[in-house]
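The following exercises concern helix packing, enclosed and open spaces, and backbone geometry. Each task is followed by a solution in steps.

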Amino acid sequence: MSQPTIESILHEERLFHPPAEFSQQAQIKSLEEYQQLYDKAKADPQAFWAELAEQELHWFQKWDRVMDWQPPFVKWFVNGKINISYNCLDRHLTTWRRNKAALIWEGEPGDSRTLTYAQLHREVCQFANVLKQLGVKKGDRVGIYMPMIPEAAIAMLACARIGAPHSVVFGGFSAEALRDRLVDAEAKLVITADGGWRKDAIVPLKDQVDKALANNSAPSVKNVLVVQRTKQTVQMEPGRDHWWHDLQQGASADCPAEPMDSEDMLFILYTSGSTGKPKGVVHTTGGYNLYTHMTTKWIFDLRDTDVYWCTADVGWITGHSYIVYGPLSNGATTLMYEGAPRASNPGCFWDVIEKYGVNVFYTAPTAIRAFIKMGEHLPKARNLSSLRLLGTVGEPINPEAWMWYYRIIGNKRCPIVDTWWQTETGGIMITALPGAIPTKPGSATLPFPGILAEIVDLDGNPVNANDGGYLAITHPWPGMMRTVYGDPDRFRRTYWEHIPPRNGQSLYFAGDGARQDEDGYFWVMGRVDDVINVAGHRLGTMEIESALVSHPAVAEAAVVGKPDELKGQDIVAFVTLEGNASASDELKNELKKHVANEIGAIARPGEIRFADALPKTRSGKIMRRLLRSLASGEEVSGDTSTLEDRSVLEKLREG
């Protein structure tokens with residue numbers, strides 16, 4: 001792996017304090033209160049997490065030991081008995097929350113549904129009994145390949161209720177990607193729908209399942225359950241395929257939650273590798289329940305009256321942790337939306353906020369940059385006054401996109417929590433607590449209490465303030481992944497062997513380059529792969545992209561390096577323009593000059609390519625790996641199963 005010195009070139013001076021009124025009512029009310037919590041957790045992490053586990057969750061049986069750490073493998077709340085479905089549903093039924101909205105759902109065509117905690121509990125219990133009826137037992141893996149409909153959350157909670165680990169595969173994945181994941185997890189059953197709506201078109205989910213299972217290519221799968229969503233005709237294989245509504249109608253609503261060991265597997269979630277087969281990230285029950293519960297409660301500053309909306313898909317970790325498990329464990333009202341901004345309704349997100357009076361809104365920087373391109377007239381035409389807190393997730397946010405979000409969506413009164421975390425971490429790791437921590441546009445700010453994060457060099461030594469290095473976590477936390485499914489050696493190699501142990505302590509390597517400023521704030525500069533070495537200067541792509549996006553003509557930018565005989569690497573920028581800007585050689589030169597003025601001549605792009613759109617995963621991340629291949633004139637290779645729109649790649653190829 002390359003040397004860790006990353007040029008620190010983005011110096012953001014703006015500081016935004018939480019509004020006094022917000023802080024007064026917040027869960028964590030001041031920087032001093034945050035610091036006390038953080039110091040308490042650092043002094044004795046086990047006592048800190050044990051106290052919260054006892055206060056915040058229901059346990060059938062208390063643990064014997066808080067933590068068992070045999071690097072790199074950890075167990076939390078050893079021999080404790082718990083069920084996350086019980087914590088998300090049953091324990092709310094004896095309180096006033098019984099008749100509170102648990103899940104508000106808005107379909108893309110405009111249909112909608114609201115389930116109270118009592119109603120959601122009934123549906124989950126019925127479906128858990130359906131799974132049992134089809135022979136699913138504790139420990140059996142269940143594949144879920146669904147649109148964003150309530151049944152997706154019901155299926156997850158039902159699996160958790162009976163102790164059958166789920167593996168949710170995003171509904172945009174190909175049949176091949178689905179098959180690979182079902183085979184690796186040895187799934188016994190698949191839950192899907194006839195189809196789902198996405199950008200005014202029907203995604204034929206059942207057809208993809210049929211292709212994935214053709215010729216007995218996933219032999220572990222014995223049954224397929226199908227939700228009727230779009231009502232188009234699908235093939236139903238006798239004996240294997242069953243309609244959800246047929247089995248659900250006759251199922252008993254009595255299904256006690258199975259007491260699970262704290263370390264029993266809750267789910268497998270696959271993350272794409274740039275090469276080779278996807279990694280099955282394993283999360284277990286007790287620690288994950290506690291970590292998603294606490295991060296949701298404190299970071300989103302939940303109040304019982306809130307309507308909370310995370311715009312992710314349940315196919316990603318963000319949907320698992322911050323649509324389903326974290327909010328419901330807290331007794332919140334969580335909103336789920338099937339649709340996405342599209343040509344027929346570019347302002348649909350703002351419609352949903354206005355319709356349901358959304359208070360907390362959590363979305364991706366890529367979505368924000370797309371909103372900027374669509375124009376501020378769309379949000380300004382809606383009443384967004386219900387919003388009190390905004391969040392971002394997925395990748396570092398450019399300061400100018402942060403400012404647009406703050407001004408146009410939050411009307412300069414909503415704090416922004418810019419969150420850094422990963423599928424592997426289970427929950428948010430570095431973030432502002434909105435009532436306590438002043439924010440800087442583009443910085444994830446400070447670690448969550450109980451998270452010990454550092455910027456280190458390749459030898460594991462801490463680097464100086466504002467020097468670039470590698471983001472590492474120096475102590476286990478309850479929500480961390482436990483292993484790669486079926487491949488503990490890959491878990492060890494990928495996350496624990498890049499940086500040597502320090503004082504006998506293993507360090508978790510996040511794979512991100514970052515720096516800490518003089519205030520201790522973390523600035524994540526993107527994946528270590530996303531660093532360009534120009535004539536010996538190592539430049540973070542995020543900072544060059546931020547400079548480009550700060551130009552009024554630019555809506556979005558992605559920067560990669562390509563081989564250069566003289567400089568080692570040269571900078572290539574792929575740029576999409578604001579609606580009223582036109583591509584020209586003059587604008588190319590202006591943008592190169594703009595970057596040089598903002599950062600310095602060393603960061604001046606050698607080449608700028610205009611594009612209508614950038615290649616993104618279905619969770620909204622720019623696939624810079626593909627752009628690197630295009631910039632270098634190489635054939636695009638590796639796993640492209642997460643690519644949302646292949647036509648974008650074809651257009652870029654054509655030039």
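**Exercise 1. Determine which elements supply at least two residues each to the lining of the largest cavity, then describe that cavity.**

Solution. Helix 6 and strand 14 (265–271) each contribute at least two residues to the lining of the largest cavity. Helices (H or I, at least four residues) and strands (E, at least two) are DSSP runs, numbered from the N terminus. The model is a predicted one, in which local features need pLDDT of at least 70 and side-chain atom pairs count only at pLDDT 80 or more, while totals for chains, interfaces and linings use all residues. Residues are numbered from 1 along each chain as its sequence is written, and side-chain values use heavy atoms, with hydrogens and water left out.

Next, consider the volume: the largest cavity has about 50 Å³. On a 1 Å grid over the protein atoms alone, a cavity is a set of points where a 1.4 Å probe fits but cannot get out, a pocket is an open set with protein on both sides within 12 Å along at least five of seven lines, and lining residues have an atom within 4 Å of a point. Grid points are joined across faces, edges and corners, and a volume is the space filled by probe spheres set on the points.

Finally, list the lining: it includes Asn83, Ile84, Cys159, Ala160, Met260 and Met265. By class it holds eight nonpolar, three polar and no charged residues. Here Ala, Val, Leu, Ile, Met, Phe, Trp, Tyr, Cys and Pro count as nonpolar, Asp, Glu, Lys and Arg as charged, and the others, Gly among them, as polar.

**Exercise 2. State how many cavities of 30 Å³ or more the structure holds, and characterise the second largest cavity.**

Solution. There are two cavities of 30 Å³ or more. The second largest cavity encloses about 30 Å³. Its lining consists of Asp184, Lys277, Pro278, Lys279, Gly280, Val484, Tyr485, Asp487 and Arg490. These divide into three nonpolar, one polar and five charged residues.

**Exercise 3. Describe the second largest pocket and the elements that line it.**

Solution. The second largest pocket contains about 340 Å³ of space. It is lined by 21 residues, of which Tyr38, Ala453, Glu454, Gln516 and Phe522 are the closest to its centre. Helix 2 (31–43), strand 22 (446–447) and strand 23 (453–456) each provide at least two lining residues. The largest share, four residues, comes from helix 2. By class, the lining of this pocket has 11 nonpolar, five polar and five charged residues.

**Exercise 4. Classify the packing of helix 7 against helix 8, and of helix 10 against helix 11.**

Solution. Two packed helices are described by the angle between their axes and the distance between the axes. Axes are lines fitted to C-alpha atoms, for helices over the stretch in contact, and angles run from 0 to 180 degrees between N-to-C directions.

Helix 7 (residues 175–185) and helix 8 (residues 205–213) pack at about 60°, with axes 8 Å apart. Helix 7 is therefore oblique to helix 8. Angles under 35 degrees count as roughly parallel, over 145 as roughly antiparallel, 65 to 115 as roughly perpendicular and the rest as oblique. In contact (heavy atoms within 4.5 Å), Ala175, Leu178, Arg179 and Leu182 of helix 7 meet Gln208, Val209, Lys211, Ala212 and Leu213 of helix 8. This contact comprises six nonpolar, one polar and two charged residues.

The axes of helix 10 (residues 285–299) and helix 11 (residues 317–329) come within 8 Å and cross at roughly 85°. These two helices are therefore roughly perpendicular to each other. Their contact has four nonpolar, nine polar and no charged residues.

**Exercise 5. Locate the cis peptide bond and the positive phi of aspartate 301.**

Solution. Most residues other than glycine have a negative phi, and most peptide bonds are trans. A cis peptide bond, with omega of about 0°, joins proline 71 and proline 72. Proline 72 is placed in the loop between strand 1 (65–70) and strand 2 (73–78). Aspartate 301, although not a glycine, has a positive phi of about 50°. Aspartate 301 belongs to the loop between helix 10 and strand 16 (307–310).
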